[in-house]
Amino acid sequence: MRIHIRIEDMAFERSLANIAALFDEDASVTAGPDEAADAEWTVAVGVEDLGVSVRARAVLTEAGGGAPIQAEQVRAVPDGASDEERRAVRRQAAGAALLDALERRTGIVQPWGILTGVRPTKLLHDRNLRGISREETRRELRDLYRIGDGKIALMERIVDRQLAVIPDLYRLGHEVSLYIGIPFCPTKCAYCTFPAYDINGRQGSVDGFLYGLHEEMRMIGDWLKRTGTGVTTIYYGGGTPTSISAQEMDALYALMYEAIPGIDRVREITVEAGRPDTITPEKLDVLRKWKIGRISINPQSYTQATLDRIGRWHTVEETIDKFKLARKHGMNNINMDLIIGLPGEGPEEFAHSLAETEKLMPESLTVHTLSFKRASEMTRRRREGDDGRFRVAGREDIVKMTAMALEWTEAHGYVPYYLYRQKNILGNQENVGYAKPGAESLYNILMMEEMQSIIGIGCGATSKFIDPVTGEITRHANPKEPKAYIESWERAAEAKIEALDRVFRAGAASV
């Protein structure tokens, strides 16, 4: 389907196009001041400034004729609003009018309203910090953002749980967390866009990468010691960090204890052992030796045909066996991931995955909804018209499976503790982390709510530097490809240290 948004103010183009795309995952959405001759639907959106308020109108017409659908939204402008704040109100009103028109035409009610951002719960944290009451916050989310009551209730549960788990969440800006990226996997999954390179036959790249990683970790450790900055959590991701050998893991964690000051005071260390085919008794022994308290073993699905389809070359039985092996080696905080909407799967297959999860009962369960990421093999194949292998469930089934996950976790004593969304996520749903009380991932909370700086070390690692006073965020991305990282790790580390000095020096000066 081709949807064209006719609008004069092109500053709204991206936000309005994102809203229109929610109604058809395969839609082609354009925006501009002129007509589009080949558009099946055209929505004319206009915004009128009334001084103390703004009024937005949307008129939807169809190429085949029929009565236009009209919608109108009025938003008050706060007293003393800056130009930027007034623009935000105009954009919000335009988005709500467009949403109204499309909901009336399709009969689809968007549970997240006009909200297309990644981190919805930040809205609640922001209002908590500003002293806005829970009731007033609910009203804003419902009336201004058009978020449904069920999603608001989920957001509130998550924020309440986060503050129970990390009572000093709003006071951790003076510390940092570390993300350490290992870019290798046994194979790359079809839905994946993370830095993930086949480790087989690449020992030269692995050796060169690990040398750079060790040196970068030392440089960041020296900065931490020089500035007296504490580390809250450490997270090894990728790729699959357990793709490297047990000996290489042992050397890396030994260096971590040497380089990172106050390592015994770090609240949590997590290693993504996401691919069961990388887990061995020797590697589990290494994890225990270095007091790694939390790991992930990710089935994604318990249907073998699905695993084969998406390029995860391990068996369902291997996932179960490696989980039990980890238990025997003393791992008592294990996360597992499931993905809603994998190709060929519907409610029946997802119910099977939940039933198999019940036999293992990991401490936490992260339920993702499939997103068609731009650079993944799955998206490329669909774009080329070859989507038979990657045909996915429709919106109704995606919504049903999301509800199944919430019901199952509630029935089995898990609580939701973090949430994020992605562009092109099926059914306009969300990804939710559930955990048994006390087993929540602290890193996931800190990273998602952007309450402190995350220093990214290694291949494809992105650092987020958050001013501890103003909250302003700056980013720095390491090279994604191992060869590029090997050639530039030192420059990347130096650039991060310069940025950290600026952010933390500015923050200290403001105290």
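Two strands are taken to pair if DSSP finds at least two bridges between them. In the predicted model, this criterion applies to strands β17 and β18, which form a hairpin with six residues between them. Strand β17 covers residues 462-466 and strand β18 residues 473-477; the two run antiparallel and are joined by five bridges. Ile466 of β17 stands opposite Ile473 in β18. Within the turn of this hairpin, Gly471 has a positive phi of about 80 degrees.

The protein as a whole contains 15 helices and 18 strands. Its radius of gyration is 24 Å, which agrees with the value near 24 Å expected for a compact globule because the chain has 511 residues. Along the principal axes, the C-alpha atoms fill a box of roughly 70 × 60 × 45 Å. Of the 511 residues, 55% are buried. Among contacts between residues at least 6 apart in sequence, 73% join residues at least 24 apart.

An open sheet is formed by five strands in the order β2-β1-β3-β4-β5, with mixed pairing. Its edge strands, β2 (28-32) and β5 (69-76), each pair on one side only. Neighbouring strands of this sheet are turned against each other by 15 degrees on average, with direction ignored. Within the sheet order, β1 is followed by β3; β1 (residues 2-6) and β3 (residues 41-49) run parallel and are joined by four bridges. Ile3 stands opposite Trp41 in β3.

A further set of pairings involves strand β15. Strand β13 (residues 364-369) runs antiparallel to β15, and four bridges join the two. Ser364 stands opposite Ala435 in β15. Strand β14 (residues 415-420) also pairs with β15 in the antiparallel sense, over five bridges. Here the bridge partner of Leu419 is Val432 in β15.

The burial of β15 was examined residue by residue. Strand β15 spans residues 431-435, and five of its five residues are buried, so the strand is largely enclosed by the rest of the structure. In a regular strand the side chains alternate between the two faces of the sheet. In β15, one side carries Asn431, Gly433 and Ala435, while Val432 and Tyr434 lie on the other. These residues are all buried, and both faces of the strand are therefore covered, with burial meaning under 20% relative accessible area.

Aromatic contacts were also counted. The model holds 12 aromatic pairs. In one of them, the rings of Tyr418 and Tyr420 have centres 6.2 Å apart and planes at 15 degrees; the pair is classed as stacked because planes under 30 degrees apart meet that criterion. Tyr418 has 6% relative accessibility and so counts as buried. Tyr420, at 16% relative accessibility, likewise counts as buried. Both residues fall within the range of β14, residues 415-420. Elsewhere, Tyr179, Tyr235 and Tyr443 form one aromatic cluster. A tyrosine ring is also involved in a contact with a charge: the charged end of Lys436 sits over the ring of Tyr414, at 4.7 Å from the ring centre.

Conventions
Residues are numbered from 1 along each chain as its sequence is written. Side-chain values use heavy atoms; hydrogens and water are left out. Rings of Phe, Tyr and Trp (its six-membered ring) pair if their centres lie within 6.5 Å; planes under 30 degrees apart count as stacked, over 60 as edge-to-face and the rest as tilted. Buried means under 20% relative accessible area, exposed over 50%, partly exposed in between (1.4 Å probe, protein chains only). A charge sits over a ring if NZ of Lys or CZ of Arg is within 6 Å of the ring centre and within 35 degrees of the ring normal. Axes are lines fitted to C-alpha atoms, for helices over the stretch in contact, and angles run from 0 to 180 degrees between N-to-C directions. The radius of gyration is taken over C-alpha atoms; the globule rule is 2.2 Å times the number of residues to the power 0.38. Contact means heavy atoms within 4.5 Å.
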